[in-house]
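Here are a few exercises to work through with the model open on your screen. Try each one yourself before you read the solution.

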Amino acid sequence: MPITIIHCWSAPRSRSTALLYSFEAREDCVALDEPLYRRWLLEKIGGGTGNYGISRPYAKPFLKGVAPSEDVDEGEAWRWEREKASFNERIFTAVSALIKSGKTDGGCIFLKQMAKFAHCFDFESNWESDRPGTDSWKDKCLKLAADNEVELKHKHILLVRDPVSVLGSWMGKSGDVHGNNPHPDEIGITQLLDVYSKVLGASMSREDGEEAVTVIDSDDLAADPRKSLQELCCVLGIGYSEAMLKWESGPHKCDGPWAKWWYQDVWESGGWVEDGINHPRTKKYRTVPPELMPALRMSIPAYDFLRTLTSSYKQRAITAPPSGKLFEDPRNEHVLVYVGTSACRGRIVPREMAAISPFDSSVQGGDATWEGIRVYNGRIFHLDHHLDRLFRSAKALGFENVHTRSEVTEAIFRVLAANGMRDGAHMRLTLTRGQKCTSSMNPLFNVYGTTLIILPEWKPTEGATTYDNTKGVSLITAGACRRSPPSTLDNKVHHNNMIQNILPKIQANLAGAADSIMLDVDGFVAETNATNLFLVRCDSRCRHHHDGVPVKDKNCCDGAVLVTPTADACLPGITRETVLLLAKELGIETEVRRVSLSEFYSADEVFTTGTMGELTPVTIIDGRVIGSSGVKKRGIVTDVLQKAYKEAIKLRLEWSTEIPPFS
């Protein structure tokens, strides 16, 4: 028969008390209110040193275990007396009560614990840490459990909350109790991270495979109490009870003697409602006082990390991506990202913790330039070409205090090494104008230098985020959006103003096509919303092979002309440039000129080029099957160029940069 001992660690606010009352409302639960509080306060105040200004109006009677006269008169003296018992003794008493109750499922013990008390707790044994006289109660409890064939199962919960919400009420009504003390050791948010670390460390020697700690965001609990409590009970391995949603108003049997100083809001609430406990004071808009800013800055990183461990964060996706999976490659869930400014050395952080300032120019105005770069077989393909274009774009945009080329290259190597990426990877490299000191369009406020972001992912050339390079794809022609000429916005600058690409992509999605063909302002084809475009026009020699005759000789491309639009209204892509060079080496005639849409309709072959997906056959445009055979298939010239491109990746080492060895 198991008895589940639930250690709920939190910072001090009303929702931890509300959760205490939720469990107290269960028939099979003994609820204990901060059983380590007296020991902690004794160390902080009774010890006389290192108390960081911590004070309580009830400190003296609490530490003595003797009720003040007003509580004696009200029959509350037993609360003060109860607190003299050690943590281990109170666990023994609770276990004894559950055993005597005869519950067949054992029941549970819920302990409301403040994270700042954690140094008083031994996470290896799950009992109070070394203190004279406490081990005997621990031994008695373990013997009692063994004699009654009871298994004591310890579970740890972290109840976290946005530090702004916690600190916004710190100097309010409760400030009179703690003396408006803004010290982080008093507030106790950062200690939650220490609790997580200790629980995780203690669990590493366990072999039961259970989660070491469950993290709950109290805002989730407040928003949907029933669902949150059901999920929590499931994780704890105990049944859910509807009784957990409501409690009696006024003082509770489990309350510590300090309750009347702290718990008035929860006493008056009577239970959970949507958006919190049922009390109007819990919904106030509050200001964070300046004196709490140091504590806020310390607390936010701890909360940001712990929040990523909550079920709501893990299930935050509102819709499913095309593949049905958030991560086509499971390794991408834990990918590491590089973020840094030219003024400060960049950092490599997990993807969920990667962030840039809302004052960054890329956020304020899409003011950035970017490159997509591929990694093959321990080498970065065309790295020099990509960096050349990146820095040309940055110069054209007038960026100042820019990262150096060596700094960017070093950052690339660092983040690839951190992820162990040497093949099958793609990087999105973004260089922004940088962070502003105030919200403004004016670059004169960009005082911190450029921001560099490197997002590497495990990404195949054919997959959910790319294209089918064997069967091919279909395209449609974009409607309202046209590619801008240099007189409007020069597309030779690889900028981050991507709405002109995104709207045609939405149009393609709605039509069930892979991408949209974008025309220039005169109606000529420019490119697709994501790639450059090529068509193949054949004479009778080349068309002979298109009509089904097997390809047996190297002259299968004789009579073929490879045509691509000029770069007046499109980005002159690096893969586009590579294909033109390979075609020349293969003896395929090329033309770079203005191309009309009808020429693409009537072409013998069409394909797209881009770093992400390499060369992709196009089999349908606006419902028209490409080629004379009327069959959707990859063309002969496309196939030859695809193979030549793959060979170049492997053999043309002068086109790529070797990645240094990883240690």
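**Exercise 1.** Find the residues that make the nonpolar surface patch of about 500 Å², then place Leu503.

*Solution.* Start with the members: Ile499, Ile502, Leu503, Ile506 and Leu510 make the patch of about 500 Å². Patch residues have over 30% relative accessible area and no salt bridge; like charges are joined within 9 Å, and nonpolar side chains (Val, Leu, Ile, Met, Phe, Trp, Tyr) within 5 Å. Areas come from the Shrake-Rupley method with a 1.4 Å probe, and for residues only the protein chains shown count as cover. Next, place Leu503: it is found in helix 21 (residues 499–511). Helices (H or I, at least four residues) and strands (E, at least two) are DSSP runs, numbered from the N terminus. Last, Leu503 counts as partly exposed because its relative accessibility is 43%; buried means under 20%, exposed over 50%, partly exposed in between (1.4 Å probe, protein chains only).

A word on the ground rules: this is a predicted model, where local features need pLDDT of at least 70 and side-chain atom pairs count only at pLDDT 80 or more, while totals for chains, interfaces and linings use all residues. Residues are numbered from 1 along each chain as its sequence is written, and side-chain values use heavy atoms, with hydrogens and water left out.

**Exercise 2.** Describe the largest cavity and the residues that line it.

*Solution.* First, the count: there are 5 cavities of 30 Å³ or more. On a 1 Å grid over the protein atoms alone, a cavity is a set of points where a 1.4 Å probe fits but cannot get out, and lining residues have an atom within 4 Å of a point. The largest cavity holds about 120 Å³, a volume being the space filled by probe spheres set on the points, which are joined across faces, edges and corners. Now the lining: it includes Ser10, Arg15, Ser16, Leu159, Val160 and Ser218. By type, the lining splits into 6 nonpolar, 3 polar and 3 charged residues. Helix 1 (14–24) and strand 6 (151–160) each supply at least two of them. Finally, look at helix 1 itself: 9 of its 11 residues are buried, Arg15 and Ser16 among them.

**Exercise 3.** Where in the chain do the partners of the Lys198–Asp194 salt bridge sit, and how far apart are their N and O?

*Solution.* The side chains meet at 3.1 Å, N to O; a salt bridge is a side-chain nitrogen of Lys or Arg within 4 Å of a carboxyl oxygen of Asp or Glu. Both residues belong to helix 11 (residues 191–203), and because they are 4 residues apart, about one helical turn separates them. Lys198 is partly exposed at 30%, and Asp194 is partly exposed at 34%.

**Exercise 4.** Are Asp367 and Arg433 buried or exposed, and which parts of the chain does their salt bridge link?

*Solution.* The closest N and O atoms of Asp367 and Arg433 are 2.4 Å apart. This pair links distant parts of the chain, 66 residues apart: Asp367 is in the loop between helix 18 (361–365) and strand 12 (368–376), Arg433 in the loop between strand 14 (425–432) and strand 15 (451–458). Both Asp367 and Arg433 are buried.

How values were computed: On a 1 Å grid over the protein atoms alone, a cavity is a set of points where a 1.4 Å probe fits but cannot get out, and a pocket is an open set with protein on both sides within 12 Å along at least five of seven lines; lining residues have an atom within 4 Å of a point. Ala, Val, Leu, Ile, Met, Phe, Trp, Tyr, Cys and Pro count as nonpolar, Asp, Glu, Lys and Arg as charged, and the others, Gly among them, as polar.
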